[in-house]
Amino acid sequence: MTYDFQHLSKEDALSLLNLPDEELPELLEAVYSIRKKYKGNTVSIQLLTNARSGNCSQNCAYCAQSQESKAHIDKYRLVAYEKLLKDGYTVTDKNLARHCIGLSGIRFQNSEINEFADEIRKLKKETQSPICCSIGFLTPEQAKILKEAGVERINHNLNTSRRFYPNICTTHTYEERISNIKMLQSMGFEICCGGIAGLGEEKQDIVDMLFDIQAIHPQAVPINFFIPIEGTALEKMDTSYLSAEYCLKVLCLARLLNPSSDIRCAAGREVYLKGKEKWMFYAVDSIFASGYLTADGQAIEDTIQLITDAGFEYFVEP
Ligand code: SF4
């Protein structure tokens with residue numbers, strides 16, 4: 001394998017995704033040395049709270065919360081503060097790395113942001129946990145309110161490539177996502193920015209998306225492997241191309257292009273990488289426990305066990 005991992009071209013990246021599976025162990029070893037340099041042998045765990053669920057105005061084809069979804073999910077405007085606090089205490093009690101809080105929707109009224117910011121302020125006072133919010137397109141004024149309330153990081157996934165974006169969403173654009181991220185960065189927010197493999201895209205779309213993510217320099221890069229949800233537009237998507245080997249190549253590429261970022265394997269790890277977690281951790285230093293926005297996941301204790309069984313160290317906040 002003759003790649004200059006520090007200066008990968010898009011052609012190199014595509015050929016890595018096309019690498020014969022027999023050559024994957026060699027790639028994983030090379031990626032592991034980079035992961036070890038920047039992240040040691042540790043894996044951090046994040047907990048996700050779905051603070052607003054369903055009734056979204058957008059039509060993201062993969063999402064159970066979209067306006068077109070008929071998926072059976074809980075729908076609520078703002079989760080009870082008690083639930084937010086309970087999850088916040090779980091983050092501190094279990095020494096998890098971060099409390100991630102997602103809200104469905106793309107644009108919010110100032111009054112809604114103020115109401116949410118009050119909850120964040122209370123939560124921060126109680127738990128002091130690092131917080132990342134996924135909260136649509138904020139205005140600069142709204143972002144300032146949340147920053148002052150204690151939010152350090154915002155999640156904005158690109159989800160797929162610029163080319164493929166209209167295939168998965170037509171109610172907002174890829175460019176709007178990029179420009180909102182740039183605005184947030186200029187205000188001093190850390191950025192969590194990743195994507196989804198398995199939406200029917202080409203490998204080139206994964207390459208293009210990962211290069212666009214690299215240009216953003218996010219602190220965290222969550223990579224999801226798509227699990228079709230009944231009742232959504234993509235419920236019948238054939239994801240058979242998401243072999244464990246292919247998923248590992250995607251994660252390796254995410255690490256190579258963002259060597260010092262947290263590379264997080266998000267939704268889908270329990271399905272597509274089951275039994276291969278040791279190899280996943282050669283690229284990945286961060287995972288969720290206890291589920292995703294509208295899907296269940298592995299419990300926290302089992303996730304900690306998974307990390308140690310794989311020969312890695314569970315990262316405990318100092
Ligand atoms: S991904 Fe976000 S913006 Fe898109 S439909 Fe789901 S909740 Fe709405």
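## Strand pairing of E7 and E8

In this predicted model, strand E7 (residues 220-225) and strand E8 run parallel and are joined by four bridges. Within this pairing, isoleucine 223 has cysteine 265 of E8 as its bridge partner.

The side chains of strand E8 (residues 262-265) point two ways: Asp262 and Arg264 point one way, Ile263 and Cys265 the other, and all are buried. Cys265, the bridge partner of isoleucine 223, is thus listed with Ile263 in its direction from the strand.

## Packing of helices H1 and H8

Two packed helices are described by the angle between their axes and the distance between the axes. For helix H1 (residues 10-17) and helix H8 (residues 203-216), the angle is about 130° and the axes are 9 Å apart. H1 is therefore oblique to H8. The crossing in which H1 passes H8 is right-handed.

On the H1 side, the contact is made by Lys10, Ala13, Leu14 and Leu17; on the H8 side, by Lys203, Gln204, Ile206, Val207, Asp208 and Phe211. By character, the residues of this contact comprise six nonpolar, one polar and three charged.

## Surroundings of lysine 75

Lysine 75 lies in the loop between strand E1 (42-52) and helix H3 (81-93). With a relative accessible area of 47%, lysine 75 is partly exposed, because the partly exposed class lies between the limits of 20% and 50%.

Residues up to four places away in sequence aside, lysine 75 touches Ser53, Gly54 and Asn55. From C-alpha to C-alpha, lysine 75 and serine 104 are 9.8 Å apart in space, with a separation of 29 residues in sequence.

Methods
Residues are numbered from 1 along each chain as its sequence is written. This is a predicted model: local features need pLDDT of at least 70, side-chain atom pairs count only at pLDDT 80 or more; totals for chains, interfaces and linings use all residues. Side-chain values use heavy atoms; hydrogens and water are left out. Axes are lines fitted to C-alpha atoms, for helices over the stretch in contact, and angles run from 0 to 180 degrees between N-to-C directions. Helices (H or I, at least four residues) and strands (E, at least two) are DSSP runs, numbered from the N terminus. Angles under 35 degrees count as roughly parallel, over 145 as roughly antiparallel, 65 to 115 as roughly perpendicular and the rest as oblique. A crossing is left-handed if the near helix is turned anticlockwise from the far one by less than a right angle, and right-handed if clockwise. Contact means heavy atoms within 4.5 Å. Ala, Val, Leu, Ile, Met, Phe, Trp, Tyr, Cys and Pro count as nonpolar, Asp, Glu, Lys and Arg as charged, and the others, Gly among them, as polar. Buried means under 20% relative accessible area, exposed over 50%, partly exposed in between (1.4 Å probe, protein chains only). Two strands pair if DSSP finds at least two bridges between them.
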